[in-house]
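Here are a few exercises to work through with the structure open beside you. Try each task before you read its solution.

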Amino acid sequence: MEENITRFNDVLQSRQLIPNNIKDDFQKNRLLKSKNNYFNAVEEKPFQFDGFFDAKGYFINLEKTITLWIELSKRFKLSYDILSLKVPSDCSLMLYKYHAALLGENENEDSVQSEDFYKQIERNKPLVNYLAHKGFDNDEIRIVINLLSFNEYNSLNIRHIDFKAVEFFRLCYLFYIFDFYEEDKSLSFETENEFLYLSLSSATKDLGKWKNQFKKYYSNKNEVDSKHYPFTTLSTTVDKVVNKLKIRREKLKATPTP
């Protein structure tokens, strides 16, 4: 897929190959061609990788992709031909989405969820401004707000990662969320219920289960030898943030120095 995109961009950017006055026609032609390629590929084999394109490149939505794979495996009774990967034909949908994104023809967002997400941004304007002050751009702030909403807005083409308790704690630390609440709301995080502030959505049942553990993590964030030290495998979380969310390491908060 990356080779296909690079080849297309090389042609698009070459004045000798594609004169400026017909570049728009060239892009529209490639959009139509990629749509036909997708139709041909999906007729032969329904499985496709799914995801979206944004300013940081492509994002493969593993949940959508695996859900489709499971549905097809049931429908076609585990046919090897259906389930085996056939790159690049399995990337036909993503290549079509790439050309559509270039022409501003991204798939429509869920208007109800989009409006709800806008309200979430407005409700948390102090946090948004705080993140901007820390150097995060608008797309990265959307990622953090969705994260703190427990991935409630994934369908709006926002980069995301799944997480369990300790990883959510690490993410809140890396994105300065504890700092924000300490400064803005004067929280000390000495009581379990203060950790419920970390959720911007109704996902408090998860935090309700995690708050006791979070208190232990927070109390031991500088204690490397403690069994409750939360940063033992921090590198795995950082790798996800850098490689999946495409947020540079230098933007994240440094690990506490023992």
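**Exercise 1. The largest core**

Task: Find which residues touch the most other members of the largest nonpolar core, and which helices supply this core.

Solution: Keep in mind that you're looking at a predicted model. The largest nonpolar core has 50 residues, and Phe168, Phe175, Ile177, Phe178, Leu198 and Phe214 touch the most other members. Next, look at where the core comes from: helix 6 (111-123), helix 7 (125-133), helix 8 (138-148), helix 9 (165-174), helix 10 (177-184), helix 11 (204-219) and helix 12 (234-243) each give at least two residues. Helix 9 provides the largest share, seven residues.

Now zoom in on Phe168. Leaving out residues up to four places away in sequence, Phe168 touches Leu147, Leu148, Phe150, Phe163, Leu198, Leu207, Trp210 and Phe214. There's also a second, separate core of 12 residues, with Met1, Ile5, Phe26 and Leu95 among them.

**Exercise 2. A helix pair**

Task: Work out how helix 2 and helix 5 are oriented where they pack.

Solution: Start with the geometry. Helix 2 (residues 23-44) packs on helix 5 (residues 92-102) at an angle of about 160°, and the axes are 8 Å apart. Angles over 145 degrees count as roughly antiparallel, so helix 2 is roughly antiparallel to helix 5. The crossing of the two is left-handed.

Then check who makes the contact. Helix 2 uses Gln27, Arg30, Leu31, Ser34, Lys35, Asn37, Tyr38 and Ala41, while helix 5 uses Ser92, Leu93, Leu95, Tyr96, His99, Ala100 and Leu102. Sorted by type, the residues in this contact are eight nonpolar, five polar and two charged.

**Exercise 3. Positive phi**

Task: For Tyr176, decide: buried or exposed? Do likewise for Ser186.

Solution: Some background first: most residues other than glycine have a negative phi. Tyr176 isn't a glycine, yet has a positive phi of about 65°. Tyr176 lies in the loop between helix 9 and helix 10. The relative accessible area of Tyr176 is 14%, and the cut-off for buried is under 20%, so Tyr176 is buried.

Ser186, also not a glycine, has a positive phi near 55°. You'll find Ser186 in the loop between helix 10 and helix 11. Exposed means over 50%, so Ser186, at 60% relative accessibility, counts as exposed.

**Exercise 4. One threonine**

Task: Locate Thr6 and give the C-alpha separation between Thr6 and Ser188.

Solution: Thr6 is in helix 1 (residues 2-12). With 44% relative accessibility, Thr6 counts as partly exposed. Thr6 and Ser188 are 182 residues apart along the chain, and their C-alpha atoms are separated by 50 Å.

Notes: Residues are numbered from 1 along each chain as its sequence is written. This is a predicted model: local features need pLDDT of at least 70, side-chain atom pairs count only at pLDDT 80 or more; totals for chains, interfaces and linings use all residues. Side-chain values use heavy atoms; hydrogens and water are left out. A nonpolar core is a set of buried Ala, Val, Leu, Ile, Met, Phe, Trp, Tyr and Cys residues joined through side-chain atoms within 4.5 Å. Buried means under 20% relative accessible area, exposed over 50%, partly exposed in between (1.4 Å probe, protein chains only). Helices (H or I, at least four residues) and strands (E, at least two) are DSSP runs, numbered from the N terminus. Contact means heavy atoms within 4.5 Å. Axes are lines fitted to C-alpha atoms, for helices over the stretch in contact, and angles run from 0 to 180 degrees between N-to-C directions. Angles under 35 degrees count as roughly parallel, over 145 as roughly antiparallel, 65 to 115 as roughly perpendicular and the rest as oblique. A crossing is left-handed if the near helix is turned anticlockwise from the far one by less than a right angle, and right-handed if clockwise. Ala, Val, Leu, Ile, Met, Phe, Trp, Tyr, Cys and Pro count as nonpolar, Asp, Glu, Lys and Arg as charged, and the others, Gly among them, as polar.
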